[in-house]
Amino acid sequence: MALLNIRPATVADAGLILRFIRELAIYEKAEQSVQTDEIGIAESLFGADATARALVCEANGEAIGYAVYFYNYSTWLGRKGIYLEDLYVSPEKRGSGAGKALLKYIARQAVAEGCGRFEWSVLDWNTPAIEFYTAAGARPQGEWTVYRLEGEALKAFAG
């Protein structure tokens, strides 16, 4: 059994995080959607204005996964929450408990900080992830549909 260690990521992890982001994008059949680079990761996660945080999961000293999250807010609860942007474990290391350990680490943080919610999105075809999250006690919020403005549509609307 691997000895797992979860630690806050540092700017020195920017290249590693980018590699994991690309692996996740390939898994999600969206490799072409990754538009950032190592500098973009370093600035957005570790710069002075960074609002997101990252964790690295290591097994016996080897980085095998990561998570990125940020704080959101619920007007209904009148409290902040945590939104999990990415949770990823290298395919050959899945089943080691790394994903659950990352999720629990963030859940403990949410509880310690009095957050009202811990939430995330999952692709509707990603059955292994859905089963993993359901086993953890998470429930889908089927009544909500995500909408997104990005790229040229965002610029045109802001125009």
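In the predicted model, strand β2 (residues 52-59) is largely enclosed by the rest of the structure, because seven of its eight residues are buried. One residue within the range of this strand, C57, has a relative accessible area of 0% and is therefore buried, the cut-off being under 20%.

Strand β2 has a partner on either side in an open sheet of five strands, ordered β1-β2-β3-β4-β5. The pairing in this sheet is mixed. Its edge strands are β1 and β5 (118-120), each of which pairs on one side only. On average, neighbouring strands of the sheet are turned by 30 degrees against each other, with direction ignored. Strands of a sheet pair through backbone hydrogen bonds, in either a parallel or an antiparallel arrangement.

The antiparallel arrangement is found on both sides of β2. Strand β1 (residues 4-8) runs antiparallel to β2 and is joined to it by five bridges. In this pairing, L4 stands opposite A59 of β2. Strand β3 (residues 62-74) is also antiparallel to β2, and eight bridges connect the two. Here A59 is placed opposite E62 of β3. A59 thus faces L4 in one pairing and E62 in the other. The hairpin formed by β2 and β3 has two residues between the strands, and N60 in this hairpin adopts a positive phi near 50 degrees.

At the other end of the strand order, β4 (residues 79-89) and β5 run parallel and are joined by three bridges. L84 has W120, in β5, as its bridge partner. In a regular strand, side chains alternate between the two faces of the sheet.

The cysteines were considered next. A disulfide is a covalent bond between the sulfur atoms of two cysteines. The structure holds zero disulfides. C115, at 11% relative accessibility, falls under the 20% cut-off and so counts as buried. C57 is likewise buried, at a relative accessible area of 0%.

A nonpolar patch occurs on the surface. The patch is formed by W76, L77 and W144, which together have about 460 Å² of accessible area. W144 is located in the loop between α4 (127-135) and α5 (151-158). Its relative accessibility is 60%, over the 50% cut-off, so W144 counts as exposed. This exposed tryptophan contrasts with the buried residues C57 and C115.

Terms used: Residues are numbered from 1 along each chain as its sequence is written. This is a predicted model: local features need pLDDT of at least 70, side-chain atom pairs count only at pLDDT 80 or more; totals for chains, interfaces and linings use all residues. Side-chain values use heavy atoms; hydrogens and water are left out. Buried means under 20% relative accessible area, exposed over 50%, partly exposed in between (1.4 Å probe, protein chains only). Helices (H or I, at least four residues) and strands (E, at least two) are DSSP runs, numbered from the N terminus. Two strands pair if DSSP finds at least two bridges between them. A disulfide is a pair of cysteine sulfur atoms within 2.5 Å. Patches are made of residues with over 30% relative accessible area and no salt bridge: like charges are joined within 9 Å, nonpolar side chains (Val, Leu, Ile, Met, Phe, Trp, Tyr) within 5 Å. Accessible areas come from the Shrake-Rupley method with a 1.4 Å probe; for residues, only the protein chains shown count as cover. A salt bridge is a side-chain nitrogen of Lys or Arg within 4 Å of a carboxyl oxygen of Asp or Glu. Axes are lines fitted to C-alpha atoms, for helices over the stretch in contact, and angles run from 0 to 180 degrees between N-to-C directions.
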